[in-house]
Amino acid sequence: MVLRLVLGAVYTAMAVGQLASATDMPAILGAYGLVHGAPAVVLAGLLIAGELVCGVWFLARPRSTAIAPVWVYTAVSLVWSALAVQAYTRGLEVDNCGCFGNYLTQRLSWFVLLQDALTLLYAGLLLRGARKAVTRGSAGGAEVGPDDRIP
């Protein structure tokens, strides 16, 4: 539950920073060398929406066993990680990683890659926990309450 609250706060803050920098986000994403123009606008919108969905869900329902926000978190983390890894390996100079839009900026470096690796580790932990919760909490697809017994 604590992990969900922390990740919810971070991803909600990321989305808010990116929303406040919405007009600059396509250019920020363009610095990674993969998307420009309309595709960058679409990618920025998808990242912001994904961060808002999982961030707010994790904050509002930290004990939820729903798998949807976990998959959204995983997808957003994979996209940011893929952008960073490919740009870093290509030697691109990215002055602002864009995680918080124009706020809390940091250059793309090994430290950003480490942060991205941690988000992927957390995604794995969340997926594992959600899978265990589904296994424990279902009986033939029916919802099971804490006082129900499964024969």
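The backbone oxygen of D116 lies 2.6 Å from a polar atom of the T119 side chain. That is a starting point in a predicted model. T119 belongs to helix α5. With a relative accessible area of 15%, T119 falls under the 20% cut-off, so it counts as buried. Beyond its neighbours within four places in sequence, T119 is in contact with Y11, Y73, S77 and S81. Take Y73 from that list. Y73 and T119 are 46 residues apart along the chain, yet their C-alpha atoms are separated by 8.9 Å.

Y73 leads on to the core. The largest nonpolar core has 32 residues. Y73 is among those with the most contacts inside it, together with M25, L29, Y32, F58, W80 and L108. Five helices each supply at least two residues of this core: α1 (2-20), α2 (25-30), α3 (38-60), α4 (68-89) and α5 (110-137). In soluble globular proteins, nonpolar side chains tend to be buried together.

W80 is worth following next. Leaving aside neighbours within four places in sequence, W80 is in contact with M14, Q18, M25, L29, Y32, L47, E51, C97, G98, C99 and D116. M25, L29 and Y32 are also among the residues with the most contacts inside the core. D116 is the residue whose backbone oxygen lies 2.6 Å from a polar atom of the T119 side chain.

Now turn to a helix pair. Two packed helices are described by the angle between their axes and the distance between the axes. For α1 and α3, the axes come within 7 Å and cross at roughly 145°. The crossing is left-handed. On the α1 side, the contact is made by R4, L5, L7, G8, A9, Y11, T12, M14, A15, Q18 and L19. On the α3 side, L47, I48, E51, L52, C54, G55, V56, F58 and L59 take part. These residues divide into 14 nonpolar, four polar and two charged. M14 and Q18 of α1, and L47 and E51 of α3, are in contact with W80 as well.

One of the α1 residues in this contact is T12. What is its relative accessibility, and is T12 buried or exposed? The value is 16%, so T12 counts as buried. Leaving aside neighbours within four places in sequence, T12 is in contact with E51, G55, V56 and L59. For G55 there is a polar detail: the T12 side chain reaches the backbone oxygen of G55 at 3.5 Å. T119, too, has a side chain paired with a backbone oxygen, that of D116.

Conventions
Residues are numbered from 1 along each chain as its sequence is written. This is a predicted model: local features need pLDDT of at least 70, side-chain atom pairs count only at pLDDT 80 or more; totals for chains, interfaces and linings use all residues. Side-chain values use heavy atoms; hydrogens and water are left out. A nonpolar core is a set of buried Ala, Val, Leu, Ile, Met, Phe, Trp, Tyr and Cys residues joined through side-chain atoms within 4.5 Å. Buried means under 20% relative accessible area, exposed over 50%, partly exposed in between (1.4 Å probe, protein chains only). Helices (H or I, at least four residues) and strands (E, at least two) are DSSP runs, numbered from the N terminus. Contact means heavy atoms within 4.5 Å. Axes are lines fitted to C-alpha atoms, for helices over the stretch in contact, and angles run from 0 to 180 degrees between N-to-C directions. A crossing is left-handed if the near helix is turned anticlockwise from the far one by less than a right angle, and right-handed if clockwise. Ala, Val, Leu, Ile, Met, Phe, Trp, Tyr, Cys and Pro count as nonpolar, Asp, Glu, Lys and Arg as charged, and the others, Gly among them, as polar. A polar contact is a pair of N or O atoms within 3.5 Å; within protein, one must be able to donate a hydrogen and the other to accept it, and residues adjacent in sequence count only if both atoms are side-chain atoms.
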